[in-house]
Every structure is written in C-alpha cells, then in structure tokens.
Amino acid sequence: MANYHKYILDKKKRVIIGDFEAAYSKCEIVYPGQLELHTVKHRLITEICQRLRPNDKVLDIGCGYGYFTSFLSNNSQVDIYGSDISPTALQKGLQVHEHKGLVVADISNDLPFKSDTFDAVICLGVLALLFDKIEKCLINMKRILKEKGLLILSVYVPENPIGSEYIKN
C-alpha cells in the first residue's frame with residue numbers, strides 16, 4: 001500500500017480517514033495517477049472541453065496538484081478552475097505549473113462559487129472517498145453548474161468498498 005494511503009484510509013478497520021492535507025504535506029507524491037494525463041478518461045474529457053465554447057467556465061473538483069487542470073487550460077479554450085481540499089496540494093502544483101484559477105475548497109461543504117457559474121464540472125475519483133457525504137457533494141455540484149451544464153464524474157468503486165453502507169440500491 002502506498003505511503004499516502006495511511007492518511008486517507010484504513011483498510012483493516014474499513015474507515016476513511018480523509019486527512020488529505022497530511023498526505024500532501026508528508027508524502028512526496030499522492031495519487032500518482034493524477035500525473036497520467038494521456039489515459040482514455042483524460043483524452044475523452046479533453047475532447048469534451050475542446051468542444052465547449054471558448055471561455056466557457058469549467059471546474060475540476062479534487063484537482064490535487066492541478067496537473068489535469070493545467071493541461072486542460074493549455075489544450076482547450078475554456079476558462080478552467082481547479083479546487084482541492086488541500087492547500088499544500090495546490091501550492092506544490094503551483095511550483096510546477098502556473099495557474100490562476102486554483103481554489104481551496106471542500107466539495108462536502110459549501111463551495112465558494114456562485115450558483116449557476118460553471119458550464120461543466122469535472123470530478124474524478126473524489127466521490128469514492130465521500131460516500132457518507134455524497135448527497136451533499138452532488139447538491140453542491142448541481143448548485144454551481146449551469147442549468148444545461150455538463151457533469152463529468154469518474155467514480156472507482158471496488159468490490160465491498162469502505163462506506164458501502166451509504167450506497168443505496
């Protein structure tokens with residue numbers, strides 16, 4: 001198990017710890033997959049963003065270091081923002097790439113954006129760690145998304161996931 005996992009989840013006790021700030025502060029790299037920008041998932045999302053109108057507003061929730069946020073900024077004409085719960089993640093990302101639209105925010109609390117702000121909201125791999133707060137997260141995303149906006153989700157759900165008691169049939 002990767003070193004950062006001890007701050008995020010305890011598989012033996014089957015609990016989500018969720019100390020993302022400690023993970024980003026104490027580990028060299030958290031979720032190495034966020035650095036892989038040429039996966040099928042990332043290529044599809046990039047293509048979707050390239051088809052949006054110039055200056056449409058897009059939010060990448062749980063952007064971590066902001067690599068994909070920066071990639072989209074450089075490979076589309078959308079106005080892209082990124083949010084993450086960890087200030088350290090965003091600070092480390094800014095050491096690698098310049099990006100004006102990174103904001104510290106917790107999707108499970110009130111997001112610091114006005115209602116109906118974004119034409120698209122991207123949320124990759126975040127909700128699997130928030131099953132106990134998923135309804136609030138979805139309400140928050142809906143609030144900031146414009147009426148005809150796109151919601152792009154990616155949720156990895158392993159067999160018998162931690163927090164499965166919150167998943168309704």
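Hi everyone, here is a short tour of the fold and the nonpolar cores of this protein.

A word on the source: this is a predicted model, where local features need pLDDT of at least 70 and side-chain atom pairs count only at pLDDT 80 or more, while totals for chains, interfaces and linings use all residues. Residues are numbered from 1 along each chain as its sequence is written, and side-chain values use heavy atoms, with hydrogens and water left out.

Let's start with the fold. The protein has six helices and seven strands, in the order α-β-β-α-α-β-α-β-α-β-β-α-β from the N terminus. Those are DSSP runs: H or I of at least four residues for helices, E of at least two for strands.

Now the overall dimensions. The radius of gyration, over C-alpha atoms, is 16 Å, which agrees with the value near 15 Å for a compact globule of 169 residues. The rule there is 2.2 Å times the number of residues to the power 0.38. Of the 169 residues, 46% count as buried, meaning under 20% relative accessible area with a 1.4 Å probe, protein chains only.

So, what sits inside? The largest nonpolar core, a set of buried Ala, Val, Leu, Ile, Met, Phe, Trp, Tyr and Cys residues joined through side-chain atoms within 4.5 Å, has 17 residues, and Leu 59, Ile 61, Ile 107 and Val 121 touch the most other members. β3 (57-61), β6 (118-124) and α6 (134-144) each give two or more residues to this core. Apart from it lies another core, of 14 residues, including Ile 45 and Phe 68.

Finally, Leu 59 has contacts (heavy atoms within 4.5 Å) with residues including Tyr 81, Phe 113 and Ile 144.

Key. Buried means under 20% relative accessible area, exposed over 50%, partly exposed in between (1.4 Å probe, protein chains only). Lists of a residue's contacts leave out its neighbours within four places in sequence.
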